[in-house]
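Here are my notes from going through this one, jotted down point by point. Have the structure open while you read.

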Amino acid sequence: MEYTSLGGTDVKISRVGLGAWQFSDAWGVKDYGIAKSIIAKALELGVNFIDTAMVYGRGLSEQFIGNALKELNVNRDDIVIATKIPGEFLSPHDVFKAVERSLNRLQTSYIDLLLIHWPPCWHHIPTCVYMKALERLVNIGKVNYLGLSDYPVELVDAARMCLSRVDIEALQVRFNLAERWAEEEHIPYAEENDMTVMAWSPLAKGAITGKYTLEDARKLQDLRVNEPLFQPDNYPQVLELANIVKNIASKYGKTPAQVALNWLITYSDVIVPIPGARSPQQAEENAGSVGWRLTYEDWRALDEASRKLRITYVTF
Ligand SMILES: NC(=O)c1ccc[n+]([C@@H]2O[C@H](COP(=O)([O-])OP(=O)(O)OC[C@H]3O[C@@H](n4cnc5c(N)ncnc54)[C@H](OP(=O)(O)O)[C@@H]3O)[C@@H](O)[C@H]2O)c1
C-alpha cells in the first residue's frame with residue numbers, strides 16, 4: 001500500500017480508501033458479517049482510511065464500522081475514520097447532537113475527519129454559524145480535522161473564512177473517468193491549498209468496469225435504477241470507454257477497476273479514490289489499484305477517450 005498525507009496534516013492515509021455507503025439500503029450490504037469481512041480485507045491490505053456518513057443506511061454504516069473495528073481489535077490510532085454530517089443537521093445544536101450520535105455508533109471518542117456532506121441548501125443556515133460550531137468540536141477534541149463534500153469552491157472559500165484556528169483539509173467530489181467536472185475547479189483548488197481530494201464514485205458506480213451489458217444494467221435493482229450513467233443515453237458511451245479500460249488492463253495483468261482507479265491516482269497526488277466494495281474480493285481488487293502506475297501513454301489514451309464522452313443528466 002502507498003500512503004499520503006491528509007491535506008496539510010501529518011496524518012497518513014492510504015492512497016486508496018474504503019467507501020462505506022455500500023452498508024445501506026441504497027447498495028444492499030445489510031448483512032453485518034459481509035460488511036465486517038469487507039472491512040477486514042481492506043485493513044489487511046493496508047487500507048487505513050474508511051469513508052462513511054451519518055445518512056448511509058441512517059446510521060447503519062457507521063454502526064457496522066464501529067462494531068467491526070472493535071471486533072477486529074483495531075488500534076484506534078491505526079485507522080482514519082471520515083464521516084459526514086448532512087446539510088440538514090447544521091443548526092448549531094444539531095451539529096453537537098448529530099456528532100454525539102455518530103460517535104456512539106462508531107464507538108469512538110473522536111472522529112478523524114468530519115466533512116459536511118452537502119451545503120444546507122434547504123434551511124439557509126448561515127455558513128459561519130455552522131462552521132463555528134464545527135470548529136468548536138475540533139477545539140474540544142471530538143473531531144480532529146474538517147472537510148467539505150459537494151461544495152462549490154466559492155463556498156469552500158467562504159467557509160474557510162469563518163474558521164479561526166483550523167482549516168479545511170479535504171474536499172469530496174464526484175470524479176471518475178466518465179464524470180470529470182471536478183477537474184475544472186476543485187482539483188486545482190485542492191492542489192493549490194494543500195487539501196486532499198477524496199474522489200467518490202471513482203468506478204462510476206461500477207459502470208467503468210464494463211461488467212454489465214446494457215441489458216444487465218437495466219436489471220440492476222439498487223440505486224443504479226435511477227443513476228444517469230446507467231441510462232440508455234449514457235451507458236453505451238461508458239461501455240465504449242470501458243472497453244478501452246479493459247484492453248489496457250489486460251496489458252498490465254490488472255483488472256478494469258484497478259486501471260480506472262490508477263488513472264485517478266496518477267492524475268494528481270492529492271487524489272485519494274474511495275471506492276465502495278460489496279465483497280471482500282472487490283475490496284482486495286481495489287486495494288491492488290496502487291503500488292504501480294500506468295505509463296504516460298496509457299494514461300493519455302484513457303484521458304483522450306474519456307474526453308469524448310458527453311454525459312447527460314437529463315434523463316426524463
Ligand atoms: N460525498 C458524497 O456525496 C458521496 C457520494 C457518493 C459516494 N460517496 C462515497 O464514495 C464511495 C464510493 O462511491 P460509490 O459507492 O458511489 O461508487 P463506486 O465506488 O464508483 O462504485 C461502487 C460499486 O462498484 C462495484 N465495484 C466495486 N469494486 C469493484 C471491482 N473491483 N470490480 C468491479 N466492480 C466493483 C460494486 O457494485 P456491484 O458489485 O454491485 O457492481 C460497488 O458497490 C461510497 O461508498 C461513499 O463512501 C460519497
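**Notes on the ligand site and the sheet**

1. Let's start with the company the ligand keeps: sorted by class, its shell holds twelve nonpolar, eleven polar and eight charged residues. Bear in mind that this is a predicted model.

2. In total, 31 residues surround the ligand. If you want to look at the closest ones, pick out Asp51, Asp150, Ser201, Tyr212 and Arg224. As for where the shell comes from, helix H10 (residues 280-287) gives the largest share, three residues.

3. Now for some polar contacts to oxygen atoms of the ligand. Tyrosine 212 puts a polar side-chain atom 2.5 Å from a ligand oxygen, and aspartate 150 does likewise at 2.6 Å. With alanine 204 the backbone is involved: an N or O atom there lies 3.3 Å from an oxygen of the ligand.

4. How much of the ligand does the protein bury? The ligand taken alone exposes 900 Å², and 95% of that is buried by the protein. The space the ligand takes up is also the largest pocket.

5. On to the sheet. It is open, has eight strands and runs in the order E3-E4-E5-E6-E7-E8-E9-E10, with parallel pairing. Strand E3 (18-19) and strand E10 (271-273) are at the edges; each has a single partner strand, so one side of each lacks a neighbour in the sheet.

6. For a look inside the sheet, try strand E7 (residues 143-149) and strand E8 (residues 168-174): they run parallel and are joined by four bridges. Glycine 147 sits opposite alanine 170 in E8.

Key. Residues are numbered from 1 along each chain as its sequence is written. This is a predicted model: local features need pLDDT of at least 70, side-chain atom pairs count only at pLDDT 80 or more; totals for chains, interfaces and linings use all residues. Side-chain values use heavy atoms; hydrogens and water are left out. A residue is near a molecule or strand if one of its heavy atoms lies within 4 Å of it. A polar contact is a pair of N or O atoms within 3.5 Å; within protein, one must be able to donate a hydrogen and the other to accept it, and residues adjacent in sequence count only if both atoms are side-chain atoms. Accessible areas come from the Shrake-Rupley method with a 1.4 Å probe; for residues, only the protein chains shown count as cover. On a 1 Å grid over the protein atoms alone, a cavity is a set of points where a 1.4 Å probe fits but cannot get out, and a pocket is an open set with protein on both sides within 12 Å along at least five of seven lines; lining residues have an atom within 4 Å of a point. A molecule sits in a cavity or pocket if more than half of its atoms lie within 2 Å of its grid points. Helices (H or I, at least four residues) and strands (E, at least two) are DSSP runs, numbered from the N terminus. Ala, Val, Leu, Ile, Met, Phe, Trp, Tyr, Cys and Pro count as nonpolar, Asp, Glu, Lys and Arg as charged, and the others, Gly among them, as polar. Two strands pair if DSSP finds at least two bridges between them.
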